[in-house]
Amino acid sequence: MAEILLPLLVLCPLAASLVVFISAGRMGARAIGTVACAGVGISAVLSIILSVMLLSGPVAGGLQVTLWPWMRVAGLSADIAFTLDRISMVMVLVVTIVGLLIHVYAAGYMRDDPGIARFFGCMTLFVAAMLVLVLASDLLCLFIGWEGVGLCSYLLIGFWYDDPANTSAARKAFYMTRMGDVALLCGLLLLACATGSLRIGSVLASVADGRLPASGVNVAAAFILVGALAKSAQIPFQAWLPDAMAGPTPTSALIHAATMVTAGVYLIARVHDLFAMAAPVMALTAVLGALTLLMGACTALVQSDLKRILAWSTISQLGYMFLALGCGVWQAALFHLMTHAFFKALLFLTAGAVIMRAGHEQDIFRLGGLRRAMPGLTAAFVAGASALAGLPLVTAGFYSKEMILSGVWHVHFGLAREWTLSGHPLWGIALLGAFLTALYIFRCVFIVFCGKAGTRAAGRTSRLMGIPLVCLSVLSLFGGVIEMPDTLPSLHLFSALLDPGTPLSHADEPVWLVLAGALAPLAGLGVAWVLWGRPSPVMREIPGQAGVIRPARTGRGMDVLYDRVFVQPFRLLAWLTRLDIPGHAITGTGRLTRAASAGILGVRAGLLDMLAMRATGTARWAGHLPGLFQNGRVRWYAAWIAGGLCAGLAMAVLS
Amino acid sequence: MNPLPVLVLLPIMGGGLAWGAGRMWPRASPSMRDASWWVVLATLVVETLVLAMATFSHRAHAGPWPGHFAMPWIPAMGIAVRLDMDGLSLSLIWLSLILCFLCVLLATRQATAHAGAFRFLFLATLTGVIGTFLATDLFVFFFFWELMLVPMAGLIAAWGHEDRQRAAMKFFMFTQGSGLVMLLSILGLVITHYRQTGVLTFDYFTLAHTSLSPTGAMLLMLGFFIAFAVKLPVVPVHVWLPDAHTQAPTAASVLLAGILLKTGGYGMIRFNVMLFPDAAARFAPIAMGLGVAGILYGAWLSSAQDDVKRLIAYSSISHMGFVLLGIFAGSRMGMLGAVMQMLAHGLGTAALFLIAGAIQDRLHTRDMHRIGGLWAAMPRLSSAGLFFAMAALGMPGLGNFTGEFLVLLATWRISPLLATLAATGLVLAAIYALRMVNRIFLAAPQADTRPVTDLPSWQMAVFACVMAFLVLLGLYPQPFMIFSAPLPLPATAMAGPGGTTP
């Protein structure tokens, strides 16, 4: 049964994509939307059926399907094989269910776009590639999906290709993730060389056996980490994600918030046993995650573009997940991944609807007072915002963030034998991040939905777009109650689901830890209300005098750096070498040779000419000379005769 | 009937017929297919049937490999027409035929003047290529090696674009000159063998047993290497390639990129690595360095070009760098990767050249600044272009990735540093491929585009077959890897392919 259903899970969106691409221009917008939603919908149903099968089966292991051998050469065997275990099950459910909701929304959102076939073709292809990534039980097979989602992301960011800014944003995203992909590929090469297989299970087993030297494990983990950082837009690769907002909003929701950017988190969670043996890389992951979450939150605080605020917030939330991964609590990372997919998709979709009805205005300071015009959207956005901020008890974000915070508090990094690093500073940063998160997202809420009216809202949100918003709101509010801290009614469904053998220990969790985690977002909400929420707000914008704000607002600091360090030198070198130096040299040599031979030819011809001229000249002159004797004058002839006679006589006499 | 000599002779005879038919019944209107076109198609169909026979029927014979044919030619000098076929030659001949079909079906619009002569030269090149892939007598090999060169130079010189004479001259000089070095090497090997055994022969299998001093082997191997390096091409001697590819008519570009470059890779496997395994192993670090240089340099220059065909030509140099790297990686894995890369690159690049040719037919320019976005006007052509650009940048799941991955893995075992550098080429590949996509296909349309016609659906179906084949190579390469593996020399010979490190 599972042997059929598991490939079918991937095949349905793929088939929908092919149908949509091939019949482009012949099907109406409605039909295209229906086909795409049906493809993803069947997948969603199948994933639920498969999850039930998995959970009702024996606890250990998962559903394994080997489709066909990919390559078998001496030293490497790779298969196209899928595994549905508990980790991938969570991810598959998120991808298909959130994906389905976003597809339904997009069927309404993109209704009037002429390129709707291309849009849905890419979206369904993306879902298929993402499912390959998630289900793959072989790292090489995972890499197909890994690059496939990158390709779809590229195509969708540059969807409105008439504007060069969009296509250049798309290229930027692809190049930056491609750098990470190459690092990941190097990691795969290293693991394949050391273990002879890329099957995740056997790779992890041979790492656990100690068949890899410690340095090898560290380097492999570092390579994989770089790949994951690039895909998930963490420091130092964060620059592509805000630009990626050039794509249609459903794309931003599906690819650049809920699923693709979390692929890095998923990958590390998948190989967490490998990372557990590479302590320095773990510490690096945690530190980079903490830095990213702080940087993302600070940058989001000074943005004025609604979608960019959400993009920076995504970067920041992914930072939380990397922090959790670095601290070894990958269950918490996956939990936050799931709740984040709910509330960030909700925020993006709501923002898309708001922007659409407000006449494609994305600047939050020109929007404003939309609460009265669109109460439903306001409610949805507030639900998403409070989940993002993690308002205590009533939102899903609270529980997942709480799980990360308590995990970070307990961690100790054993970097060297005598030298351990406590996780408390990281916990402090994460708590500060929670405060800032509430601050920036409620700044956005208060400015856009309260206060003076800005742009006029037009039209209505269609039912097709409304239903997904309702579903996502419910999920973002109540999707988190499956896992609670011990202080509250102790409930650990999610971690028991992921790892039934060894549940996380929450035993020594002080109460004030949970309290701090609950108070930070409330404090952020309060400060945001004071600054921006009251009828006469304390400030419209954060004061712009400080020199750090302006570069931070555009998010250009890193861009400028990249531009200086990579792009410009590359352009310069490419410009310098555009003529192909060896080609130029050889052409030059050829030209020189030709010039030389032409010169020699010229010299030779000149010489011969000169000689010939001289010869003829001499001959003519020589011929001319005797002519002088025949001048027709008798006395000259007589003189010649007399002279000759004299000479002859003289010779005869003298000899 | 032995299929091997038929395989070699059929194309050139068909070409002669096509020429005659073209002179006897010149076409009435440019759009109509004339008699000579049908003759060419019939020749290719018969050739395919013969090849299928050679592939699937196994006859008993004296040769070491599945296919064998021998006939004395100049007995006094030990020269005989010896043809042998193993999986490597067979798969490359299949590739040649597929590409010829593509050319005949899709790239016929450019050769309007003297179409018969064009087709004769086209098929004569095919004869030379197939002969090169089959010959196991070194003299006959050299004969076919030169034979494929002359008609190709003629095709470029007579039917090419604006700067065709210079390009044809450059192409001819480079390949001819390097061919002479190879001839010297062949003679040197034969004479050494004659001195040792007193037998004068050009037979590949016999010569493989010649015992050589390390220096002598290195010198002889370098002679072969230079000829193949020019053809492949390896970086410092790649200069002829961008000009020749750019100036050639579409069909000739396809043949050049799709097959003629592969003769270089084929020669390196067959003659450098299998004939002189020790010398090749000692030379391997330099060759691999050259391969990595080719990958990076080709990709780098490719991303600075504005001429579409030139961009594709430089990307070929980059891809062929992987082939060189794989051949000299010294393991069977690298060899297989190189072969897979040759097959996938043959298909993908040929399709890209066909698309560039189709664009030039319609817009009369190859300058990417002047082409502008074509997606709105020509969605079919653009989507095909997008697909093959993705194949060129090494998208996993398509054929190129299989080859590149195997080559990189084989390289990583020897030197992780070289493998990392070569993998960096994949980032550069993304740069040139996406630059092309965002200039030509997914871009704002030019203001002054004339109305253009998209590819008709039957042509799109042909492209779809190529795409399906690339996907197959990418997702299920195992049968092809078994099928196209180069067979080792017979057991008495020195070592298997690679034969360098255990």
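Two residues are in contact if their C-beta atoms, placed from the backbone, lie within 7 Å. The views below come from a predicted model.

**Figure 1. Helix α21 of chain A and what covers it.** Helix α21(A) runs over residues 511-533. Its 23 residues reach 31 Å from first C-alpha to last. That is close to the 33 Å expected at 1.5 Å a residue. Its buried residues are A:Val514, A:Gly517, A:Ala520, A:Pro521, A:Gly524, A:Leu525, A:Ala528 and A:Trp532. What covers these buried residues of α21(A) includes three helices of chain A: α16 (375-389), α17 (396-410) and α18 (424-449).

**Figure 2. Helices α15 and α17 of chain B.** Helix α15(B) spans residues 379-392, and helix α17(B) spans residues 416-441. Their axes come within 9 Å and cross at roughly 170°. The two helices are therefore roughly antiparallel. On the α15(B) side, the contact is made by B:Ser382, B:Gly385, B:Leu386, B:Ala389 and B:Ala392. On the α17(B) side, B:Ala429, B:Ala433, B:Met436, B:Val437, B:Ile440 and B:Phe441 take part.

**Figure 3. The largest nonpolar core.** This core holds 439 residues. The members that touch the most others are A:Leu131, A:Leu323, A:Ala324, A:Ala333, A:Ala345, A:Ala430 and B:Val254. Helix α13 of chain B (residues 332-363) supplies the largest share, 19 residues. The close-up centres on A:Ala333, one of the members with the most partners. Leaving out residues up to four places away in sequence, A:Ala333 touches A:Val265, A:Ala269, A:Met321, A:Ala324 and A:Leu325.

**Figure 4. Chain A in outline.** Chain A contains 25 helices and six strands. Its C-alpha atoms fill a box of roughly 160 × 65 × 60 Å along the principal axes. A compact globule of 655 residues would have a radius of gyration near 26 Å, but chain A has 38 Å. Buried residues make up 52% of the chain. Of the contacts in chain A between residues at least 6 apart in sequence, 78% join residues at least 24 apart.

**Figure 5. Chain B in outline.** Chain B contains 19 helices and two strands. Its C-alpha trace spans about 75 × 60 × 40 Å along the principal axes. The radius of gyration is 22 Å, which agrees with the value near 23 Å for a compact globule of 502 residues. Buried residues make up 63% of chain B. Among its contacts with a separation of 6 or more, 80% are between residues 24 or more positions apart.

Terms used
Residues are numbered from 1 along each chain as its sequence is written. Chains are lettered from A and ligands numbered from 1 in the order in which they are written. This is a predicted model: local features need pLDDT of at least 70, side-chain atom pairs count only at pLDDT 80 or more; totals for chains, interfaces and linings use all residues. Helices (H or I, at least four residues) and strands (E, at least two) are DSSP runs, numbered from the N terminus. The radius of gyration is taken over C-alpha atoms; the globule rule is 2.2 Å times the number of residues to the power 0.38. A residue is buried if 20 or more other C-beta atoms lie within 10 Å of its own, exposed if 12 or fewer, and partly exposed in between; C-beta atoms are placed from the backbone. The expected span of a helix is 1.5 Å times one less than its number of residues. A nonpolar core is a set of buried Ala, Val, Leu, Ile, Met, Phe, Trp, Tyr and Cys residues joined through C-beta atoms within 7 Å. Axes are lines fitted to C-alpha atoms, for helices over the stretch in contact, and angles run from 0 to 180 degrees between N-to-C directions. Angles under 35 degrees count as roughly parallel, over 145 as roughly antiparallel, 65 to 115 as roughly perpendicular and the rest as oblique.
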